[in-house]
Amino acid sequence: MVNNPNSKIDITPSFSPDGTKVTWASSDTANGSLDIMVKDLTTGIITNLTNTGNGTNERWPNWSSDGTKIVYNKRIGKNNLDIWVMNADGSSPRYVAGLQGAGKFAEDCCASFTTDNSSVVFASNRAGNFNIYRYNLANLPATQMTEVAARLKQLTSRPLYEGTPAVEATGTVVY
């Protein structure tokens, strides 16, 4: 659907709410790093939304329910896997959550928007085990580059792996 068979990585696809586009992570880039791509299923045009440099990898894109934003994961070098949000055309990428910096070893992963797009839910091992968290996006500054603790709420705290959350149509978080 997105690329002819090749030796490149194409993973974690997500359809737009109206079904006209698909976004995914692909290594079919100039430097082989994973970037977020989108394909318009009507025109067949593929666009690299993130175009990041060597050593930066992005994956797990998911659409907002209104189709205007995409939440995704980004890892720079050997740093942590953090949560970012951008407009659906790739503009205005904004850092959302994560424990930045080398040696932190926290993974914030697999985010999904809540049905009203006011927050994202994601899995994180920041407290030792993978649990589910919600991060409030209201009035998120365009220049935010650190996590704001007051926006973060831990939803689960069990000693099991709780990961890959999704939000179903009524707003229930499943994982």
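Show the surface of the whole protein to begin with: about 8700 Å² is exposed, and carbon and sulfur atoms supply 53% of that area, where accessible areas come from the Shrake-Rupley method with a 1.4 Å probe and, for residues, only the protein chains shown count as cover. What you see is a predicted model, in which local features need pLDDT of at least 70 and side-chain atom pairs count only at pLDDT 80 or more, while totals for chains, interfaces and linings use all residues. Residues are numbered from 1 along each chain as its sequence is written, and side-chain values use heavy atoms, with hydrogens and water left out.

Switch next to a cartoon view, where the protein has 0 helices and 14 strands; helices (H or I, at least four residues) and strands (E, at least two) are DSSP runs, numbered from the N terminus.

Now select strand 10, residues 119–124, together with strand 11, residues 131–136, which pair in the antiparallel sense over 6 bridges; two strands pair if DSSP finds at least two bridges between them. Serine 119 has asparagine 136 of strand 11 as its bridge partner. Between these two strands of a hairpin lie 6 residues, and in the turn you can pick out glycine 128, whose phi is positive at about 115°.

Keep strand 11 selected and add strand 12, residues 152–154, since the view then holds a second antiparallel pairing, this one over 3 bridges. On this side, tyrosine 135 stands opposite leucine 152 of strand 12.

Finally, zoom out to the C-alpha atoms, which fill a box of roughly 45 × 40 × 35 Å along the principal axes.
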